[in-house]
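Open your viewer, pick a cartoon view, and keep the selection box handy. We will go from stop to stop, and at each one you will get something to select and a word on what is there.

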Amino acid sequence: MPINKSTDKKLKILVTGANGQLGKELRQLEKSWPQYDFLFLSREDLPIHHFELVRQFFTAEHPDYLINCAAYTAVDKAETEKELAYQINAESVGVLAAICHERHCRFIHISTDYVFDGNGHRPYTESDPCSPQSVYGASKLAGEQLAMQYDPSCIIIRTSWVYSSFGKNFVKTILRLLQEKPALSVVSDQFGSPTYAADLAEAILSLIDTNKWQPGIYNYSNAGNISWYQFALQIAALQHSQVPITGISTDEYPTAARRPAYSVLDKTKVSEVYGLPIKDWKESLARCLSFCTFSA
Ligand SMILES: NC(=O)c1ccc[n+]([C@@H]2O[C@H](COP(=O)([O-])OP(=O)(O)OC[C@H]3O[C@@H](n4cnc5c(N)ncnc54)[C@H](OP(=O)(O)O)[C@@H]3O)[C@@H](O)[C@H]2O)c1
């Protein structure tokens with residue numbers, strides 16, 4: 001059993017942003033990982049931008065690991081709420097990193113494929129140059145940089161197109177629209193890899209459990225290179241929906257924030273260093289849909 005040598009207790013994992021998609025999927029796994037003590041903190045329990053409160057929690061709880069799932073994730077709104085996006089995604093992440101470093105707590109932070117400009121034509125590796133096209137992407141990149149500055153031994157996991165039965169996401173939106181609309185139009189010229197948040201949650205805990213801490217950035221998503229249109233088609237097929245879906249261009253679906261046209265992540269590093277399996281996107285989608293009931 002993983003033990004904290006200074007306290008002789010089970011290792012304690014603190015999860016911030018615990019009411020988001022990833023936070024809730026981690027919570028679902030709690031019983032399958034009895035060798036750890038988990039402390040799940042929602043925004044109400046611990047707003048990560050309240051630095052004094054964060055310090056108090058660390059003093060009281062002495063976590064061995066922090067998984068930061070808290071983030072400002074409203075990609076379009078961020079274009080007009082730049083300060084707030086940077087406060088949560090950058091400044092607060094720097095403070096979490098500094099506190100983790102001071103308290104010898106291992107810090108796992110989650111970042112995004114939106115740090116890339118999307119002009120690439122092969123999967124992005126962790127060392128490819130970043131050039132975010134949106135405020136959200138830029139705030140997340142700033143968060144990565146501050147995390148590494150204040151806690152050089154942190155681990156950053158970049159992921160993409162996250163969905164779950166919890167929260168708001170593309171899968172749930174398509175399921176709802178299939179119920180509500182006679183036909184759908186979905187962008188067919190943006191390519192990436194979906195990530196079932198349950199797989200990401202399992203991957204994070206497996207990484208911790210290897211007890212092989214190799215700081216740095218790691219990409220993680222499901223395997224696949226698809227457009228949002230192909231993603232929607234597969235959701236509809238699994239639902240046996242007859243609603244017609246048409247592919248449209250990004251120009252035909254204008255949004256406040258620019259998205260990368262291509263943001264497939266290369267998962268070689270996380271597979272080689274941690275031996276983590278990269279699950280097929282179709283299988284993971286089917287699993288998510290079969291486990292969950294979605295309300296319209
Ligand atoms: N969703 C995606 O497609 C995607 C893609 C790539 C990377 N990521 C990254 O993956 C991570 C997890 O994303 P997710 O999809 O699970 O996001 P999510 O569902 O939006 O969850 C984020 C959580 O953070 C909480 N939060 C916001 N501000 C906070 C603050 N100041 N203090 C504490 N908690 C705060 C939110 O609280 P409320 O519930 O009260 O709003 C929410 O529960 C994030 O770092 C995100 O940037 C996500």
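The stops below run from a nonpolar core to rings, cavities, pockets and two loops. Please keep in mind that this is a predicted model.

**Stop 1: the core**

Start by selecting Leu 66, Phe 107, Val 171, Leu 178, Phe 231, Ile 235 and Leu 285. These belong to the largest nonpolar core, which has 52 residues, and they are the ones that touch the most other members. Now colour the elements that each supply at least two residues of this core: α2 (51-61), α3 (82-102), α4, α5 (170-180), β8 (184-187), α7 (228-238) and α9 (281-291). Which of them gives the most to the core? That is α3, with eight residues. As background, nonpolar side chains tend to be buried together in soluble globular proteins.

**Stop 2: the rings**

Next, look at the aromatic side chains; the structure holds 16 aromatic pairs. Select Tyr 124 and Tyr 262 to see a tilted pair: the pair counts as tilted because the ring planes are at 45°, with the ring centres 6.2 Å apart. Tyr 124 lies in the loop between β5 and α4, and Tyr 262 in the loop between β13 (245-248) and α8 (268-274), so this pair ties together parts that are 138 residues apart in sequence. Are these two tyrosines buried or exposed? Both Tyr 124 and Tyr 262 are buried.

Then show Trp 161, Tyr 163, Phe 170, Tyr 196, Trp 228, Phe 231 and Trp 281 together. Ring pairs link these residues into a cluster. You have met one of them already, since Phe 231 was on the core list at the previous stop.

**Stop 3: lysines over rings**

Select Lys 269 and Tyr 218. The charged end of Lys 269 sits over the ring of Tyr 218, 4.4 Å from its centre. Now try Lys 212 with Tyr 274, where the charged end of Lys 212 sits over the ring, 6.0 Å from its centre.

**Stop 4: the cavity**

Keep Tyr 218 on screen and add Ile 157, Leu 200, Ala 203, Ile 204, Leu 207, Tyr 220, Val 270 and Leu 276. Together with Tyr 218, these residues line the largest cavity, which holds about 40 Å³ of space. Where does the largest share of the lining come from? Helix α6 (residues 197-209) supplies it, with four residues. By class, the lining has nine nonpolar residues, no polar and no charged ones.

**Stop 5: an open pocket**

Move on to Asp 64, Tyr 65, His 104, Cys 105 and Arg 106. Of the 13 residues that line the second largest pocket, these are the closest to its centre. The volume of this pocket is about 230 Å³. Its lining divides into six nonpolar, four polar and three charged residues, and α3 and β5 each supply at least two of the lining residues.

**Stop 6: two loop residues**

Select Gly 120, in the loop between β5 (106-112) and α4 (135-150). Gly 120 counts as buried because its relative accessibility is 18%, under the 20% cut-off. Measure from Gly 120 to Val 162, C-alpha to C-alpha: the two are 42 residues apart in sequence and 21 Å apart in space.

Finish with Ser 153, found in the loop between α4 and β6 (155-159). At 35% relative accessibility, Ser 153 counts as partly exposed. Add Gln 214, which is 61 residues away along the chain; the C-alpha atoms of Ser 153 and Gln 214 are separated by 7.8 Å.

Definitions and conventions:
Residues are numbered from 1 along each chain as its sequence is written. This is a predicted model: local features need pLDDT of at least 70, side-chain atom pairs count only at pLDDT 80 or more; totals for chains, interfaces and linings use all residues. Side-chain values use heavy atoms; hydrogens and water are left out. Buried means under 20% relative accessible area, exposed over 50%, partly exposed in between (1.4 Å probe, protein chains only). Rings of Phe, Tyr and Trp (its six-membered ring) pair if their centres lie within 6.5 Å; planes under 30 degrees apart count as stacked, over 60 as edge-to-face and the rest as tilted. A charge sits over a ring if NZ of Lys or CZ of Arg is within 6 Å of the ring centre and within 35 degrees of the ring normal. On a 1 Å grid over the protein atoms alone, a cavity is a set of points where a 1.4 Å probe fits but cannot get out, and a pocket is an open set with protein on both sides within 12 Å along at least five of seven lines; lining residues have an atom within 4 Å of a point. Grid points are joined across faces, edges and corners, and a volume is the space filled by probe spheres set on the points. Ala, Val, Leu, Ile, Met, Phe, Trp, Tyr, Cys and Pro count as nonpolar, Asp, Glu, Lys and Arg as charged, and the others, Gly among them, as polar. A nonpolar core is a set of buried Ala, Val, Leu, Ile, Met, Phe, Trp, Tyr and Cys residues joined through side-chain atoms within 4.5 Å.
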